[in-house]
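Trainee: I am new to this structure and would like to learn how to read it. Could we go through it one feature at a time?

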Amino acid sequence: MATFRKQYVVSRPVYSEDSFAEHHEKIHRTHKSILNHVMNYLTCDSKRAKNAVLSFLPIIGWMRIYRIREWLLGDVVSGVSTGLVAIMQGLAFALLAELPPSYGLYTAFFPMLTYFFLGTSRHISVGAFPVLSLMVGAVVIRLVPKDGPAANITDFEGLSDDQKRVLVASSVTFLMGIFQLAMGVLQVGFIVIYLSDTLVSGFTTAAAIHILVSQLKFVFGLIVPGISGPLSIIYTLEKVFVQITSTNICDLVMSIIIMLVVFVVKELNDRYKAKLPVPVPIEVIMTVIACGVSYGFNFEQKYDVDVVGKMVSGYEPPIAPSVQVLQESTVEAFPVAIVGFAVAFSVAKVYSIKHDYTIDGNQELIAFGISNIFGSSFRSFAASTSLSRTAVQESSGGKTQIAGLISAMMAMIVTVALGFLLEPLPRSVLGALVIVNLKGMLMQFKEIPYLWRKDKTECVVWVATCLGATLLGLDIGLAVGLGVELLTIVFRTQFPRCSILANIPGTDLYRDRKDYLNIFEPQGVKIFRIPSPLFFANIEFFRDKLVEAVGFNPLRVLRKRNKALGKIKKLLVMRDNGITEKGYGDSSCQTLEKSQVDEKEMDLSSDVSDLPFQLNWNAELPGNITVPRVDLHSLILDFSAVSFLDISGMKGLKTALKEFIRIDVDVYIVSCDAYVLEKLHSCMFFDDEIQTSIFYPTLHDAMLNVLEKHKYDTSRGCIILHHIMSNKRERNVLLKIY
């Protein structure tokens, strides 16, 4: 059944860019100078001051519209639910950072206090994130290894191993916050766009593998020293399997039971989330049960189970970061800052779209930067957000960051008053909770076949990032993934998929001629499209593809024509000794072959003005003179996808156009962006050969002009007689022309 389609009819003149400019006056805009922009930026008035305050303190904006009766109860319930999860995750993720578990509660409290005032997202739960914890833990292990002496750092004097590790983690977090704050102040929040969803997916999957391997020592109850650097995951697995016969059965059984129960209940939470008012806090329930069982049966003494042990009661005084640690960890802190912001911003963007409010990337950088700087002063480690915690906060009714503040208060209560209850908790339980929460990240492996089917380039980015981060470490792996991603962009712009277009009959539409059966392609016309900017890296590729599309090299044709023209001109002045009954003598040909012509002259247009006849290069020439046949009379370049040109691209384009023009091929450029055309004018692109008249606003305008200009070119057969004088008689040489 044919679908009814509306039709439209447009009647207008065929425009070139020149004729369009004559009929439609353009407004000439004056662009502000850099000085004007700076002065405008530095100008301050009451309105700008108010906007600056509201931008820096987003809490003012959402507190003014806060609906106490509608939102407060949901925020309280959400805060309690999220707080329970945050406490358990804080304890577990502290193990990833190679710190005593109690410091995970610090990370659940201090960063949230500042984000409450400065953050633009109303739903994310700020606190520990496993990937960042692992990246911080790699620095901690490098500077304070468990099976060797610590790095030679003056600030370590007089400190225990745990205190050294806390100092390293807080110093790395401080530097991470400095990087984030600096990027926010410099308004470079856009940097996160270079971390594509594919790259982040591959990176977090690799991080999940690292986290899984790092928790095996707790699940099996083994003593495995922390290892960092390239291939650390291989060495860690080696040490685990070497000691596998020493597995603590009690730890293993508890871990398996915890993982099975938590996994099943989480699946039920997801399946019946529409019917449940709040998700069942299974992690908290299992932690309480494990604590009670461990305390009642004295697992630590009877079964040699490693427990959390002494919890720090209350909060310690603030500390300053170690300058030496900052110098040692600069390379690692920057990717931690980027990953932390990228994850938080991605999660925040999802919920801002869902609940219809805006978030500011630069303000988020400032908020997380200050939060990490403030938190590091009180011994917390790198903070971002967690997708699972944020999902709990939003699904349990949270509307604003008041829910986040309440969750932080719960962490404070545990730290100040209830921490001792967690002391008998087996560390294998925390390891099991970490592993079971990796399900979402590990399931990202399913993206590989999907990406392979849909976009093989993106699949390469995913696999390269995942393998690089798994084998070489998270920091180097992130750089590898980013490098591969940028290379794909380079290849896509440097080697774009060029195409030859043809007309869809009865329309003004033009499509790739390889994709359609019924198309119209006038004889002698080529429409070439390049879907990429023209710049120094791809201008030669553009010229090569253009030569491939038309089927001949215009420069080679021009040089052969000039050589042939030289031969013809010499024949005109030669006498009988150069002409025989059979044609041209060998002596003249040898003389011509040996003649040397300046290369610059060979690249200029063939000058046929002094010939006493009309010369057609596609006709049969006198004697043995041959030149390549050129059946093309018009070349149309579709610039609709050319967003910019640089100087190198402009020079290469100009050279290519002149080569075609000099062999009598009319060149047209269509759908050129106004700013590109403006740049061509400003850079003196036009001259006697390349004129503004070759530019057309649409492809159809150019095609109609070509068809009108060459409508009589299908008639052939005109013959012109040329006389060459000789001593004995006149000979008639017939030259056929087109």
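## Reading the features

Mentor: Keep in mind from the start that this is a predicted model. A good place to begin is a pair of strands: β3, residues 499-503, pairs with β5, residues 525-529, in the antiparallel sense over three bridges.

Trainee: Which residue in β5 stands opposite Leu-501?

Mentor: Ile-527 stands there.

Trainee: How many strands form the sheet, and in what order?

Mentor: To read a sheet, list its strands by position from one side to the other. Here six strands form an open sheet, and the order is β4-β3-β5-β8-β9-β10. The pairing is mixed.

Trainee: Which strands stand at the edges?

Mentor: These are β4 (510-512) and β10 (695-696). Each has a single partner strand, so one side of each is left without a neighbour in the sheet.

Trainee: Which strands does helix α29 lie across?

Mentor: Helix α29, residues 647-661, lies across β8 (634-638) and β9 (666-670). The helix runs at about 140 degrees to β9.

Trainee: How is the protein chain divided into domains?

Mentor: Read the bounds with care, since a domain may be listed in separate segments. Domain 1 covers 73-444, while domain 2 is made of 502-567 + 625-714. Their C-alpha centres lie 59 Å apart.

Trainee: How many salt bridges does a search of the whole structure find?

Mentor: The search finds 25. For each one, ask which side chains meet, and then where the two residues lie in the sequence. Take Lys-146 and Glu-98, whose closest N and O atoms are 3.2 Å apart. Lys-146 lies in the loop between α8 (130-143) and α9 (161-185), and Glu-98 in the loop between α5 (68-96) and α6 (102-107), so this pair ties together parts that are 48 residues apart in sequence.

Trainee: Are Lys-146 and Glu-98 buried or partly exposed?

Mentor: Lys-146 has 44% relative accessibility and counts as partly exposed. Glu-98, at 15%, counts as buried, because the cut-off for that word is under 20%.

Trainee: What does the salt bridge between Arg-379 and Glu-316 tie together?

Mentor: The two side chains meet at 2.9 Å, N to O. Arg-379 lies in the loop between α17 (361-377) and β2 (383-385), and Glu-316 in the loop between α14 (299-302) and α15 (323-328), so the pair ties together parts 63 residues apart in sequence. Arg-379 is buried at 13% relative accessibility, whereas Glu-316 is partly exposed at 24%.

Trainee: Which residue forms a salt bridge with Glu-659?

Mentor: Arg-543 does, with the closest N and O atoms 2.9 Å apart. Glu-659 lies in helix α29 and Arg-543 in helix α25 (residues 539-550), so parts that are 116 residues apart in sequence are tied together. Glu-659 is buried, with 11% relative accessibility, and Arg-543 is buried as well, with 18%.

Trainee: Which residues are linked in a network of salt bridges?

Mentor: The network links Lys-654, Lys-658, Arg-662, Asp-687 and Glu-689.

Trainee: Is Thr-107 buried or exposed?

Mentor: Thr-107, found in helix α6, is buried, with a relative accessible area of 0%. To see its surroundings, look past the neighbours within four places in sequence: Thr-107 is then in contact with Gly-127, Ala-128, Ser-380, Phe-381, Ala-382 and Ala-383.

Definitions and conventions. Residues are numbered from 1 along each chain as its sequence is written. This is a predicted model: local features need pLDDT of at least 70, side-chain atom pairs count only at pLDDT 80 or more; totals for chains, interfaces and linings use all residues. Side-chain values use heavy atoms; hydrogens and water are left out. Two strands pair if DSSP finds at least two bridges between them. Helices (H or I, at least four residues) and strands (E, at least two) are DSSP runs, numbered from the N terminus. Contact means heavy atoms within 4.5 Å. Axes are lines fitted to C-alpha atoms, for helices over the stretch in contact, and angles run from 0 to 180 degrees between N-to-C directions. Domain bounds come from an automatic or database domain assignment. A salt bridge is a side-chain nitrogen of Lys or Arg within 4 Å of a carboxyl oxygen of Asp or Glu. Buried means under 20% relative accessible area, exposed over 50%, partly exposed in between (1.4 Å probe, protein chains only).
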